Amino acid sequence: MTHDRPTDDHTFEVASDGALALFAGVAALAGSYAAVGFTPEWVAAPVSAFVVATTPDAVVAWSIQTLGDLGHQLSLLLALALTVSLFAVAAGLGTLLANKFSLPSPPFAGLACVAVAVALTGAVTSALAAGVGAALVLTVGQLSAGSGDSSSSSARRRVLGAVAGTLAFGGVSAVLGAQQGSTSQPSSALDGPNSDPSGTQGDESSEVESLLADADSKSLSVDGLEPLVSEKFYQVDISNVDPSLEADSWSLKVTGAVEEEMEFDYEDLTSLPAENRFVTLRCVGDSLNGKKMDNALWTGVPVMDLLDEAGGLPDECCVMLRAADDYFEEFPLSALRNGFLAYGMNGDPLPRGHGHPVRALIPGHWGEINVKWLTEIEVLEKEQNGYWERRGWHGTGPVETVAKLYATNVRDDGTIQVGGQAYAGTRGIERVEVSTDGGNSWSDATLSEKLPGEDVWRQWEYTYEASDPHEVVVRATDGTGTLQPKEKRKSFPSGPTGWVSKRIEP
Ligand SMILES: Nc1nc2c(c(=O)[nH]1)N[C@H]1C(S)=C(S)[C@@H](COP(=O)(O)O)O[C@H]1N2
Ligand SMILES: [Mo]
């Protein structure tokens, strides 16, 4: 390497030390992921929670409206970068210390990473794996350096070795970590035929099956339109890494302005007679024709079945529901009285992303008060703001009526078919009308048959002939006979309104 001048050697070494520490940081993140997957024990989880907690409310509000899901991804990316930096500093300091006393640096750097990881998560396996990752990559780097002719070329080999090591280790970790996700599938009362000694489980699952079959047969078959039970249910979370709760150790506290505070466990809940309900959810932050609206068949018990057992609730003003991700939402007690505690979804245990083991479903209200990973029901005497209300939203009330326009198909016979879902919470949908001339004249759309339940959407479909470009407009009338307002309003702060329209060019 004739172009390497000796004066560069020191610079090379310092730079390669820094690069190595950085790769050790990446490997620590990867090692921990391999051990525990995308769970709260992963070293990035507390850093991500910190990022979420310290992001100014104004930035959160802006990000939801303008970036949507991208905001979540950026915030996770920032958390990953911070985590890597943290472990890079730890590995760097470990290396410096080891060098000072002429000790082998990889184990020292690894130990420093273990210490940082334990401080972050308190999880030993996750921390050890982080340390092993860092030490491994540093060792590969050292071995690759060999005893080179000049220290600049050996520094280069060191870095290249560490890059290769990090890529290999990171690849294996990604695979292992993803498997952690699937092996930690939630288990619950819905899991097996033997899990309920009372023998009601068989009836339960056959009721689920017949209800799902009913929904399937009532679904309109329109290309580009999801069936009445969503295939992919949207997800909205305040945190990047969801809580990972075990049904066995879960409990629900009832606190605050009650005669006697109570606590229920999973067994208490699932030993009550189960009910299956279709319930549609929509996020207050959904855009007018967005995709944050879905329907599922939920298994659980009415809130009052659980609370009545222990003497019921007072006639106070409101409740605060609290969750394992430090989420909290407040709303009127009257809404909770009709609420449902769900532990199953479409015949499966409630998935982790939707609140395993238990979530609340509050009929007709915006999604945000349907608290997931529910841990506490606090009865309040005075109103308080919930998580989103502190951030300027007003999303605790009943949903607005909406008719979404999802499918626009030009069919083989030249006709045009449009379709979507319509939802008005507990008011129900009575009618959907379609205009194909920008709102001058209206025709009734075909509606899917009603599913049982007091808070369920319906599909609509309309087929017509047209050859020139035109504007399709859709509007719904709810069960009280009220036509939805035409005026378009954005989602912040109290949910979107307006008639959905789309230009069609056949
Ligand atoms: N614990 C907890 N519950 C929560 C949330 C959350 O971030 N944490 N998000 C809420 C919001 S804003 C909505 S729209 C619904 C979404 O439910 P889903 O993710 O099952 O679709 O859950 C609500 N419940
Ligand atoms: Mo939401």
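The exercises below work through the ligand site, the largest pocket and some backbone features of this predicted model.

**Exercise 1. Find which residues come nearest to ligand 1, and sort its shell by class.**

Solution.
- Step 1: Start with the neighbours. There are 20 residues around ligand 1, and those that come nearest are Tyr234, Asp325, His354, Arg359 and Lys372.
- Step 2: Sort the shell. Eleven of its residues are nonpolar, four are polar and five are charged.

**Exercise 2. Identify polar atoms of the protein that lie close to nitrogen or oxygen atoms of ligand 1, then state how much of the ligand is buried.**

Solution.
- Step 1: The cut-off for a polar contact is 3.5 Å between N or O atoms.
- Step 2: Take the side chain. His354 places a polar side-chain atom 2.6 Å from an oxygen atom of ligand 1, which is within that cut-off.
- Step 3: Take the backbone. A polar backbone atom of Val236 is 3.0 Å from a nitrogen atom of ligand 1, and for Asn370 a polar backbone atom is 3.1 Å from a nitrogen atom of the ligand.
- Step 4: Turn to the surface. Ligand 1 taken alone exposes 530 Å², of which the protein buries 99%.

**Exercise 3. Locate ligand 1 among the pockets and describe the lining of the pocket that holds it.**

Solution.
- Step 1: The site of ligand 1 is the largest pocket.
- Step 2: The volume of the largest pocket is about 1,300 Å³. Its lining is made of 50 residues, with His72, Val236, Asp237, Ile238 and Ser239 the closest to the centre.
- Step 3: Trace the lining to helices. At least two lining residues come from each of α2 (44-54), α3 (57-66) and α4 (69-100). The largest share, eight residues, belongs to α4.
- Step 4: Classify the lining. It holds 24 nonpolar, 15 polar and eleven charged residues.
- Step 5: Link this to the ligand. Val236, one of the residues closest to the pocket centre, also has the backbone atom 3.0 Å from a nitrogen atom of ligand 1.

**Exercise 4. Find cis peptide bonds and a positive phi in the backbone, and place each in its loop.**

Solution.
- Step 1: His356 and Pro357 are joined by a cis peptide bond with omega of about 5 degrees. Pro357 belongs to the loop between β8 (348-349) and β9 (359-361).
- Step 2: From Phe492 to Pro493 the peptide bond is also cis, and omega is near 5 degrees. The loop that contains Pro493 runs between β18 (470-478) and β19 (500-504).
- Step 3: Asn346 is not a glycine, yet its phi is positive, at about 50 degrees. Asn346 lies in the loop between β7 (340-345) and β8.

Notes:
Residues numbered from 1 in each chain as written. Chains lettered and ligands numbered in written order. Predicted model: local features only at pLDDT ≥ 70, side-chain atom pairs only at ≥ 80, totals over all residues. Heavy atoms only, no water. Near = heavy atom within 4 Å. Polar contact = N/O pair within 3.5 Å; in protein donor to acceptor, adjacent residues only side chain to side chain. Areas by Shrake-Rupley, 256 points an atom, 1.4 Å probe, with all protein chains shown as cover. 1 Å grid on protein atoms, 1.4 Å probe; cavity = no way out; pocket = protein on both sides within 12 Å on 5 of 7 lines; lining within 4 Å. Sits in = over half its atoms within 2 Å of the grid points. Nonpolar A, V, L, I, M, F, W, Y, C, P; charged D, E, K, R; others polar. Points joined across faces, edges and corners; volume = space filled by probe spheres on them. Helix = DSSP H or I, 4+ residues; strand = E, 2+ residues; numbered from the N terminus.
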